[in-house]
Structure formats: structure tokens, C-alpha cells
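Visitor: Hey, I've got a structure open on my screen and no clue where to begin. Can you walk me through it?

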Amino acid sequence: MLRDSFGRVATDLRVSLTDKCNLRCTYCMPPEGLDWLPSAKLLTADEIVRLVTIGVERLGITEVRYTGGEPLLRRELVDIVGRTTTLTPRPQVSLTTNGIGLARLAGPLAAAGLDRVNVSLDTLDAATFKRLAHRDRHADVIAGLAAADAAGLRPVKVNAVLMRGINDHEAVPLLRWCLDQGYELRFIEQMPLDAQHGWSREDMVTADEILKLLSASFDLTPDDLEERGSAPAERFLVDGGPARVGVIGSVTRPFCGACDRVRLTADGQVRNCLFATEESDLKTAMRGGASDEELAERWMAAVLRKRAGHGIDDPSFLQPSRPMSAIGG
Ligand code: SAM
């Protein structure tokens, strides 16, 4: 098992398939993009599947989430998903995506066994989308969401980040729209993970603010707290349920004590936390001929060093040198 020194066990693996993205969301990366990893540094599809297999078969991983960058940009995605869903014990397999290209890929991904998707959508307005993501692709995201739903990749979850003065007036309309469509909306507090280091605590729309905005129009009651477990979202029944909304207060309501996540970057580094400053290199060991057992041992040693918390509130907090797109969000 992937147990850390505080007794937490990592069972939820987030795997970044690429650091590249076709959007430039301002809270993530600059309009001109970033220096992408050279392809020789990226794990190949076979290497990804080998590490995921070790995670599932030897180390107790029960959930695999493919992310990025933008995972739909990875050409072998359907193959990687298909090979993951044939592992024993069968892990839950999901995708975090901006939805561009999902209209075409939702069917093949569902056929490959993908269980569900989280699609990022911060606004209902195409002009605001363009301002926020620097690309005119709003309609593609909406079409991607519909295709995911039609393909049965449910529950379709929508991730939204609110930014002050840009889309914070959309909290209520976004929830109303998601309720109408049958999607489960989750708001995520903006975290200090942008490549430009433009995050500021004062500008961040907090979980408290989001709940206040929503409560003006909806009756929110906390969902069973026991059910939350290690889930990052605090969930609320909307107008008595069964529809729900989630709020992920990563900064102001950290949930590190219950964290069960571990990450694998697109270049084969184990990361214990989005905010970790250390990584453990599995790729070099793997390419140097390490056996599955040796890789599993390295992975266990890496997780043992997981820190108690992300420490954003600590005066000594340092933003990680890798932005979200390179870590895998
Ligand atoms: N490209 C995919 C997508 O858009 O979902 C997957 C990667 S993206 C990094 C994963 C999630 O992280 C998205 O929902 C995005 O909105 C969120 N995200 C990116 N930067 C963030 C930040 N600084 N704070 C909070 N969430 C962020």
C-alpha cells in the first residue's frame, strides 16, 4: 500500500498524460503558452500503462484519473483508457478535461470503459470564455459535455473556477444551468498554481463567498458529512436534493488530513501534492531497467515522505516551480 508517515493511504492516482493544452486559462498559464516538455521526456503510452498497472496491481490504487494539460490531446488516450479498464482489480477510470474534442471522443472513450468525466467550464458566456481562456472554443465545450452525457459518462461533473470581476457574477446561472442539464457542478477555489505567479489571496473568490452567492437563490443543506470521506468537495443538497453542488475550498478549507491522492506527472515523476516541492523520478529508474518490484518500492518510499499539509497558509509557503498544467490538475 502507498501509506505515508501520517497513516494516510493513497488510493486515488492522478496521471498527467501531457503538459500541453489548447486553452490558456488565465489562472493556469500565460496567453503565449509555456515551453512544453520535449517528447523524449514524456512517458510513452506503454510506460504509463506499466506504472498504472504497478499502482493498481501492487500498490492498492483503486481510482485512476487521467488529466493534464489537456488529456484529449494525447493521441493514445482511448488505448490507454482501454488498457486501464482491463486491469484487475478493475479501477474506476475517469478523465478531467476541458471538453474540446469530447464531442468526437466521448463514444470511443465510453466504449473503452471510461466511467465518467469532469469537464471544466467557468462561464456560460462565449465572450467571457474567450477572455478567460484566450480561445474562442465555448461551443466546443458545451458540445463535449452533451456528448459525454449522451455516451453515459455519468455523473457528468463540471468544474468551475470563479475569478473576481470576470465570472464571479455567474455562480448562480452556472448552477441553474448545470441543474437543468443534469450535470453536477463543483466550484474550485483558485489556487496559487499559475505559471505567471499572478494569484493573490485578496482576489481569490473564497468558498464562503461562493456559498453566500448561491444561498441567495438556492436552499443549500450540507450533504451527509460521513459520505465526504476523502472527497475534496464539500457537497450540498440544492433545494432539498437530490441535485447537489460541490465547493472545493482547497485554500481556505484544506482537506489534507483526509487526502488519498498521489500524482504521476507526464514525465514520470511521483508527486504527493499539487503543492509539493519534491518529486520522485520513476521514469529514469524505469528506463534504466528497474523491475516492477523496484519501481513499486521507489513509489512507496516517495509516498512515505508526503507532508502533512499543503501549507498555503504557512508564512514560508513557496509556490511550486511547476505550474498546474505541468503537474496534472
Ligand atoms: N485541461 C483539463 C481541464 O481543463 O480540466 C485538465 C487539467 S486542468 C489543470 C484541471 C482543473 O484544474 C481544471 O478544472 C482547471 O479549471 C483547474 N485549475 C487550473 N488551474 C487552477 C488554479 N490555479 N486554481 C484552481 N483550479 C485550477
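**Starting at D122**

Guide: Let's begin with one side chain: that of D122 makes a polar contact with the side chain of Y27, at 2.6 Å. Keep in mind that this is a predicted model.

Visitor: OK, and what backbone atom does the side chain of D122 reach?

Guide: The backbone nitrogen of V161, at 2.8 Å.

Visitor: Where is D122, and is D122 buried or exposed?

Guide: D122 sits in the loop between β6 (116-120) and α4. D122 counts as buried because its relative accessibility is 7%, and buried means under 20%.

Visitor: Which residues is D122 in contact with, apart from its neighbours within four places in sequence?

Guide: Y27, L132, N159, A160, V161, N167, E170 and L174. If you want another landmark, W177 is 55 residues away from D122 in sequence and 12 Å away in space, C-alpha to C-alpha.

Visitor: Switching topic: there's a ligand in here. Which residues come nearest to the ligand?

Guide: There are 17 residues around the ligand, and Y27, G69, E70, S120 and M191 come nearest. You've met Y27 already, as the side-chain partner of D122.

Visitor: What does Y27 offer the ligand?

Guide: A polar backbone atom of Y27 is 3.0 Å from a nitrogen atom of the ligand. M191 has a polar backbone atom 2.8 Å from a ligand nitrogen. Then there's T97, with a backbone N or O atom 3.3 Å from an oxygen atom of the ligand.

Visitor: How much of the ligand gets covered?

Guide: On its own the ligand has 540 Å² of accessible area, and the protein covers 94% of that.

Visitor: Which elements give two or more residues to the shell around the ligand?

Guide: Those are β5 (92-97) and β7 (157-161).

Visitor: And how many of the shell residues are nonpolar, polar or charged?

Guide: The split is 5 nonpolar, 10 polar and 2 charged.

Visitor: Let's leave the ligand. What about the largest nonpolar core, how many residues does it have?

Guide: The largest nonpolar core has 100 residues, and Y66, F187 and W299 have the most contacts inside it. Helix α1 (residues 45-59) gives the largest share of this core, 8 residues.

Visitor: Why would nonpolar side chains be buried together?

Guide: I can only give you the general pattern: in soluble globular proteins, they tend to be.

Visitor: Fair. Which residues is F187 in contact with, beyond its sequence neighbours within four places?

Guide: A160, L162, A171, L174, I210, L214, V245, G246, V247 and I248. A160 and L174 are also among the contacts of D122.

Visitor: Which residues of α2 are buried?

Guide: L77, I80, V81, G82 and T84. Those buried residues pack against α1, β4 (63-67), β5 and α3 (102-111).

Visitor: Any odd backbone bits? Which peptide bonds are cis?

Guide: Here are two to look at. The bond from T88 to P89 is cis, with omega near -5 degrees, and P89 lies in the loop between α2 (77-84) and β5. Another cis bond joins G241 and P242, with omega about 5 degrees. P242 is in the loop between β10 (234-238) and β11 (244-248).

Visitor: What's up with the phi of H134?

Guide: H134 has a positive phi, about 55 degrees, although it is not a glycine. You'll find H134 in the loop between α4 (126-133) and α5 (138-150). H197 has a positive phi as well, near 55 degrees, and lies in the loop between β8 (184-188) and α7 (207-215).

Visitor: Why does H197 count as partly exposed?

Guide: Because its relative accessibility is 47%, and partly exposed runs between 20% and 50%. H134 is partly exposed too, at 31%.

Visitor: Last one: H169, exposed or buried?

Guide: H169 counts as exposed, at 56% relative accessibility. H169 is in the loop between β7 and α6 (171-181). From H169 to D4 is 41 Å in space, C-alpha to C-alpha, and 165 residues in sequence.

How values were computed: Residues are numbered from 1 along each chain as its sequence is written. This is a predicted model: local features need pLDDT of at least 70, side-chain atom pairs count only at pLDDT 80 or more; totals for chains, interfaces and linings use all residues. Side-chain values use heavy atoms; hydrogens and water are left out. A residue is near a molecule or strand if one of its heavy atoms lies within 4 Å of it. A polar contact is a pair of N or O atoms within 3.5 Å; within protein, one must be able to donate a hydrogen and the other to accept it, and residues adjacent in sequence count only if both atoms are side-chain atoms. Accessible areas come from the Shrake-Rupley method with a 1.4 Å probe; for residues, only the protein chains shown count as cover. Helices (H or I, at least four residues) and strands (E, at least two) are DSSP runs, numbered from the N terminus. Ala, Val, Leu, Ile, Met, Phe, Trp, Tyr, Cys and Pro count as nonpolar, Asp, Glu, Lys and Arg as charged, and the others, Gly among them, as polar. A nonpolar core is a set of buried Ala, Val, Leu, Ile, Met, Phe, Trp, Tyr and Cys residues joined through side-chain atoms within 4.5 Å. Buried means under 20% relative accessible area, exposed over 50%, partly exposed in between (1.4 Å probe, protein chains only). Contact means heavy atoms within 4.5 Å.
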